[in-house]
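Dear colleague,

I am handing over the structure below, and my notes on what was found in it follow directly after. Please read them with the model open.

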Amino acid sequence: MEQNRENRQQVIQEYKAVVEPLLRYLPWLEKNAGRGVSYNYQGQGLSKSSISFPVYDGTLLNFVKEAEATPLMNRNYAYVYTRNRIRNHEDERRLIAAAQLTEWDILEGILSKYVLEGRRKANLWGEAVRESIFVLVLRKMRQIIEYWDRAGK
């Protein structure tokens, strides 16, 4: 029993060390929830037949870069979506809200989808901000860490 408690506390401390640096972006993400955080570049040299591309806010790019470098990234996030039958934002929100420590992999999977797939699909980072997905995942991770951190003391 004592061994389980110690193992859980070690896991919580590891999660805390990984998530804490990302939490500094939470106020910015909360402030920009529901809003667009990019614009399509229409600068010099683009003709009518050129493909425009989004230009993102620097804070969002820093968040994505930092999140991508953490062990929270699960390259098999598609499996998390399939296994949990996640099909839309409402499914994501429902699972995030219900997540406990034992469902940490779901939180990682949802975060990973938007961070990693956003490298290929330009609109996903903005979508995650607009739909508050990043905010909800970070808040839930913080809530789980705080609960188990207090419970272990």
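Contact here means heavy atoms within 4.5 Å. This is a predicted model, in which local features need pLDDT of at least 70 and side-chain atom pairs count only at pLDDT 80 or more, while totals for chains, interfaces and linings use all residues. Residues are numbered from 1 along each chain as its sequence is written, and side-chain values use heavy atoms, with hydrogens and water left out.

Leu29 touches Phe63, Val129, Phe134, Val135 and Leu138, leaving aside residues up to four places away in sequence. Leu29 is also among the residues with the most contacts inside the largest nonpolar core, which has 44 residues; such a core is a set of buried Ala, Val, Leu, Ile, Met, Phe, Trp, Tyr and Cys residues joined through side-chain atoms within 4.5 Å, buried being under 20% relative accessible area with a 1.4 Å probe and protein chains only.

Helix 5 and helix 8 (DSSP runs of H or I, at least four residues, numbered from the N terminus) pack at an angle of about 15 degrees, with their axes 10 Å apart; the axes are lines fitted to C-alpha atoms over the stretch in contact, and angles run from 0 to 180 degrees between N-to-C directions. The two helices are therefore roughly parallel to each other, a term that covers angles under 35 degrees. In this pairing, His89, Glu92, Arg93, Ile96 and Ala97 of helix 5 meet Ile133, Leu136, Val137 and Lys140 of helix 8.

Finally, Thr70 lies in the loop between helix 3 and helix 4, where Thr70 is buried, with a relative accessible area of 14%, and touches Val18 and Leu22, again not counting residues up to four places away in sequence.

With best regards

Notes: Buried < 20%, exposed > 50% of the residue type's maximum accessible area, 1.4 Å probe, protein only. Parallel < 35°, antiparallel > 145°, perpendicular 65-115°, else oblique.
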